[in-house]
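Please open the model in a viewer and keep the sequence panel visible. The tour below proceeds by selections, each followed by a description of what is found there.

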Amino acid sequence: MARTLILAFETSCDETSVAVVEDGHTILSNVVATQIKSHQRFGGVVPEVASRHHIEQITDCLNLALEQAGVTYDDLSAVAVTYGPGLVGALLIGVTAAKTVAFAHNLPLLPINHMAGHIYAARFVEPIEFPALALLVSGGHTELVYMPRIGEFKIIGETRDDAAGEAYDKIGRVLGINYPAGKEVDQLAHQGQDVFDFPRAMDHDDSYDFSFSGLKSAFINTVHHADQIGETLDRSNLAASFQQAVVDVLADKTVRALHDYPVHQLILAGGVAANQGLRERLASEVAGIETTHLVKAPLALCGDNAAMVGAAAAVAFEQGQLGDATLNADPSLDF
Ligand code: KG4
Ligand code: ZN
């Protein structure tokens, strides 16, 4: 059978990425040009700066992705692109590039949801078995997504305020850590103890929704209060206490969802899925559930990248979900 080769674009936030993916599960190339350094001095992503960088980088990323994969436009089966959710100006660069390539080379165009991309990064570990549940944790989203069958997504729980990654980035700033702070807070947490007993909002209510803004405020207030009375708190204990509160709520809600929605696989995906504390905790929780096993997105593919878009696109290709020249960016795209 002929192989399916998909050229994928991802420009939803602060990574310009182009990949070539074979049959939805084999990465031939995955070029990621990060802009983090340009945004760090502002403490977060500046949309206008992001768009400009995408414009500067996208052609080089495209050429490099084809070269590294050892393919030409003639070998491709389709062109895929993230069209939402994300920053509108950033998304438009990828959408325009993908439409141009598809039109110029007469290739089908596959519009892909960024969050579906994060979930399908699991395909690089093993095939997804349905029904499946995904815990999607990133800088912009915190969601529990139930997938009864391939291509179908139902959000059963989500954050009512901050996303988990956003909370990491905000408390990281208070600890003097550069944006994005998640990885460093995670490392610091492993050197400390949970001594501050921060709040675990909505942990025992009967929804699958999350809330992290109270935790973030409690953290900031604790540090400011200590500053005012001239006390210096242990940074690693602060990080460990924060992380324990986040992981407790994410794990408790996920385990409850697994009981109400029995599934073959729990997929952990999104930037915060790289968190060691979360990976370890979910592994031990899921080990106690006989019918479910945990599939963690590969560490290198938890953050934004085009390979995951190529994995999701293989499904869209099989299902004939094609876009056309009218495709537009949709910054608040839902499932
Ligand atoms: O999925 P992603 O790359 O971009 C979005 O689509 O938002 O996620 C980025 C988020 C950032 O908030 C970053 O601080 C967080 O993921 N992050 C982590 C870790 N690595 C990245 N959060 C906690 N622990 C980590 N190890
Ligand atoms: Zn993302």
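The stops that follow cover two sheets, the helices that pack on them, an annotated site and some backbone details.

**Stop 1: the annotated span**

The coordinates come from a predicted model. Begin by selecting residues 26-310, which UniProt lists, in an unreviewed entry, as "domain: Gcp-like". In this span, 46% is helix and 16% is strand. Mark the C-alpha atoms at the two ends of the span: they lie 9 Å apart.

**Stop 2: the sheet β3-β2-β1-β4-β5**

Next, select the five strands of the open sheet whose order is β3-β2-β1-β4-β5, and note that their pairing is mixed. Strands β3 (26-34) and β5 (109-113) are at the edges; each has a single partner strand, so one side of each has no neighbour in the sheet. From one strand to the next, the twist averages 20°.

Now restrict the view to β1 (residues 5-10) and β4 (residues 78-84). These strands run parallel and are joined by 4 bridges. To find one bridge pair, display Leu7, whose partner in β4 is Val79. As background, the strands of a sheet pair through backbone hydrogen bonds, in either a parallel or an antiparallel manner.

**Stop 3: helices α2 and α3**

Add the two helices that lie across this sheet. Helix α2 lies across β2 (15-22) and β3, and runs at about 25° to β2. Helix α3 lies across β1, β4 and β5, and its direction makes about 160° with β4.

How far apart are the axes of α2 and α3? For helix α2 (residues 47-69) and helix α3 (residues 88-104), the axes are 8 Å apart and the packing angle is about 20°. This angle makes α2 roughly parallel to α3, since angles under 35 degrees count as roughly parallel. The crossing of the two helices is right-handed.

Show the side chains of the contact. From α2, select Pro47, Glu48, Ala50, Ser51, His54, Ile55, Ile58 and Leu62; from α3, select Gly89, Ala90, Ile93 and Ala97. By class, the residues of this contact are 8 nonpolar, 3 polar and 1 charged.

**Stop 4: the sheet β8-β7-β6-β9-β10**

Move to the open sheet of 5 strands with the order β8-β7-β6-β9-β10, in which the pairing is again mixed. Its edge strands are β8 (154-158) and β10 (293-296), each of which pairs on one side only. The twist from one strand to the next averages 20°.

Select β6 (residues 132-137) together with β9 (residues 265-269): they run parallel, with 5 bridges between them. Within this pair, Leu135 stands opposite Leu268 of β9.

Two helices may now be displayed on this sheet. Helix α8 (residues 235-260) touches β6, β7 (142-147), β8 and β9, and its direction makes about 165° with that of β6. Helix α9 (residues 276-287) touches β9 and β10, at about 160° to the direction of β10.

**Stop 5: helices α5 and α6**

Select helix α5 (residues 164-174) and helix α6 (residues 182-189). Their axes come within 8 Å and cross at roughly 75°; the two helices are therefore roughly perpendicular to each other. In the contact, Gly165, Tyr168, Asp169, Ile171 and Gly172 of α5 meet Gly182, Glu184 and Val185 of α6. These residues divide into 3 nonpolar, 3 polar and 2 charged.

**Stop 6: the annotated binding site**

Which residues does UniProt list for "binding site"? The unreviewed entry gives His114, His118 and Asp304. They are spread over 191 residues of sequence yet cluster in space, with a largest C-alpha distance of 8.7 Å. His114 is located in helix α4 (residues 114-120).

**Stop 7: backbone details**

Most peptide bonds are trans, and most residues other than glycine have a negative phi. The last selections depart from this pattern.

- Gly84 and Pro85 are joined by a cis peptide bond, with omega about -10°; Pro85 is in the loop between β4 and α3.
- The peptide bond from Phe130 to Pro131 is also cis, with omega near -5°; Pro131 is in the loop between α4 and β6.
- Asn106, a residue other than glycine, has a positive phi near 55°; Asn106 lies in the loop between α3 and β5.

Terms used. Residues numbered from 1 in each chain as written. Chains lettered and ligands numbered in written order. Predicted model: local features only at pLDDT ≥ 70, side-chain atom pairs only at ≥ 80, totals over all residues. Axes fitted to C-alpha atoms, helices over the stretch in contact; angles between N-to-C directions. Parallel < 35°, antiparallel > 145°, perpendicular 65-115°, else oblique. Left-handed = near helix turned anticlockwise from the far one by under 90°. Contact = placed C-beta atoms within 7 Å. Nonpolar A, V, L, I, M, F, W, Y, C, P; charged D, E, K, R; others polar. UniProt positions renumbered as here; feature names shortened; annotations may be inferred. Pairing = 2+ DSSP bridges.
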